[in-house]
Amino acid sequence: MATTTLINNDAAFPNATTCLATEAIPTALVLTQTNIMAQIEGDQPTARIAYVSVDPSADIAEEGAEINAKDPTISELVVGTQKVAVLSILSNEAYNNMNMPNMIGNSLARAIVAKADKLFLSAPAVEQGTNNKVVGLANYKGIIDGGKLDGTLDAIIDAMATISANEGTPTTIIAGYDAWAAMLKFKGGDKRALISPDVANSTTPQLFGLPVILSPHMPANTVLIVDNNELVSSVSQVKTATTSDRYFEKDSVGVRGTFRFGFGILHPNRVAKVTTA
């Protein structure tokens with residue numbers, strides 16, 4: 001009979017076969033750039049996320065007068081979810097080395113983050129809500145097409161203005177390293193870089209007052225301007241398990257990690273995409 005054992009890994013999976021995603025994989029973009037509204041239980045192919053679609057209106061009230069009740073409008077967004085999974089097989093000699101469980105736990109966490117970020121940013125478009133799959137932020141139906149950066153940063157400025165005109169608030173710029181490299185090369189009429197060296201060399205760059213997040217998992221030549229107040233998600237816990245029975249004949253141990261998530265945009269016209277040449 002197969003047994004499930006615990007990985008003693010306080011760094012990534014603290015002494016348990018299940019752990020909150022925010023503790024196990026805290027850097028995953030779906031956790032840092034969305035509002036987590038629900039927890040997925042089991043292998044749900046879709047998640048239903050409740051949200052306030054229309055705010056109540058406020059009135060002017062006289063002192064001591066009755067205040068009229070105004071209820072917000074509650075709506076529901078149905079999103080597809082997908083499971084990210086990784087399985088590693090190690091010899092017992094390797095697994096029993098000092099600190100190996102910690103190293104394997106961290107390795108599994110990095111693998112899950114990498115795949116989850118790729119899904120979050122660049123999963124291909126499908127008929128949303130019907131195929132039970134995550135649609136990447138860059139391919140999400142209805143986001144603003146901000147055009148191309150043509151040697152200036154004007155398209156980003158215009159995209160921020162359009163988001164604001166749609167009653168959104170730009171909060172973050174997400175770019176691939178290739179797009180960021182292209183922008184760093186943009187020169188003004190005086191041959192100086194449009195993005196100052198202080199910004200280019202910063203470990204936490206900002207552009208037009210917005211933090212810039214760089215990811216290798218962004219589609220090529222793509223920059224996103226995001227109002228992350230509009231991004232909602234449903235996530236599972238990160239589950240880990242080990243077995244020494246499945247690979248008995250190899251004198252090995254199998255270590256598995258899984259994470260399921262889905263997300264959606266409440267108002268897609270408050271997220272914009274621009275591209276570099």
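Me: Which residue is the bridge partner of L207 in β9?

Reply: The partner of L207 is L210 in β9; helices (H or I, at least four residues) and strands (E, at least two) are DSSP runs, numbered from the N terminus. Before going on, please note that this is a predicted model, in which local features need pLDDT of at least 70 and side-chain atom pairs count only at pLDDT 80 or more, while totals for chains, interfaces and linings use all residues. Residues are numbered from 1 along each chain as its sequence is written, and side-chain values use heavy atoms, with hydrogens and water left out.

Me: What average pLDDT does the chain have?

Reply: The pLDDT is the predictor's confidence in each residue, from 0 to 100. The chain averages 86, and 92% of the residues score at least 70. Over residues 1–16, however, the pLDDT is below 50, although this stretch has 51 contacts in the model beyond near neighbours in sequence (contact means heavy atoms within 4.5 Å).

Me: How do I read a sheet, and what is the order of the strands in the open sheet of 6 strands?

Reply: Two strands pair if DSSP finds at least two bridges between them. Here the order is β6-β14-β10-β7-β9-β8, and the pairing is mixed. The edge strands are β6 and β8 (206–207), each of which pairs on one side only. At one edge, strand β6 (residues 144–149) runs parallel to strand β14 (residues 271–276), joined by 4 bridges, and I144 stands opposite A272. On the way across the sheet, strand β10 (residues 222–226) and β14 pair in the antiparallel sense over 5 bridges, with T222 and T275 as bridge partners. Strand β7 (residues 172–175) and β9 pair in the parallel sense over 3 bridges, where I174 has I213 as its partner. At the other edge, β8 and strand β9 (residues 210–214) are antiparallel over 2 bridges; they form a hairpin with 2 residues between them, and F208 in the turn has a positive phi of about 55°.

Me: Which residues of helix α5 are buried, and why do they lie on the same side?

Reply: An α-helix has 3.6 residues a turn, so residues three or four places apart point the same way. Helix α5 (residues 154–165) has 12 residues and reaches 16 Å from its first C-alpha to its last, close to the 16 Å expected at 1.5 Å a residue (the expected span is 1.5 Å times one less than the number of residues). In α5, the buried residues are A155, I156, A159, M160 and I163; buried means under 20% relative accessible area, exposed over 50%, and partly exposed in between (1.4 Å probe, protein chains only). They cover an arc of only 140° around the axis, which puts them on the same side of α5, the arc being that of the directions from the helix axis to the C-beta atoms. After α5 comes E167, whose phi is positive, near 70°.

Me: How many residues of strand β11 are buried?

Reply: In a regular strand the side chains alternate between the two faces of the sheet. In strand β11 (residues 231–235), 5 of the 5 residues are buried, so the strand is largely enclosed by the rest of the structure. L231, S233 and V235 point one way, V232 and S234 the other way, and all are buried. As for its partners, strand β2 (residues 35–39) runs parallel to β11 with 4 bridges, whereas β11 and β13 pair in the antiparallel sense over 5 bridges. In β13, L231 has I265 as its bridge partner.

Me: Is R270 buried or exposed, and what does its side chain make a polar contact with?

Reply: A polar contact is a pair of N or O atoms within 3.5 Å; within protein, one must be able to donate a hydrogen and the other to accept it, and residues adjacent in sequence count only if both atoms are side-chain atoms. R270, in the loop between β13 (252–265) and β14, is buried, with a relative accessible area of 11%. Its side chain makes a polar contact with the side chain of E230 (2.8 Å), and a polar atom of the R270 side chain lies 2.8 Å from the backbone oxygen of N166.

Me: Is D145 buried or exposed?

Reply: D145, which lies in strand β6, is exposed, with a relative accessible area of 66%. The side chain of D145 reaches the backbone nitrogen of G147 at 3.0 Å.
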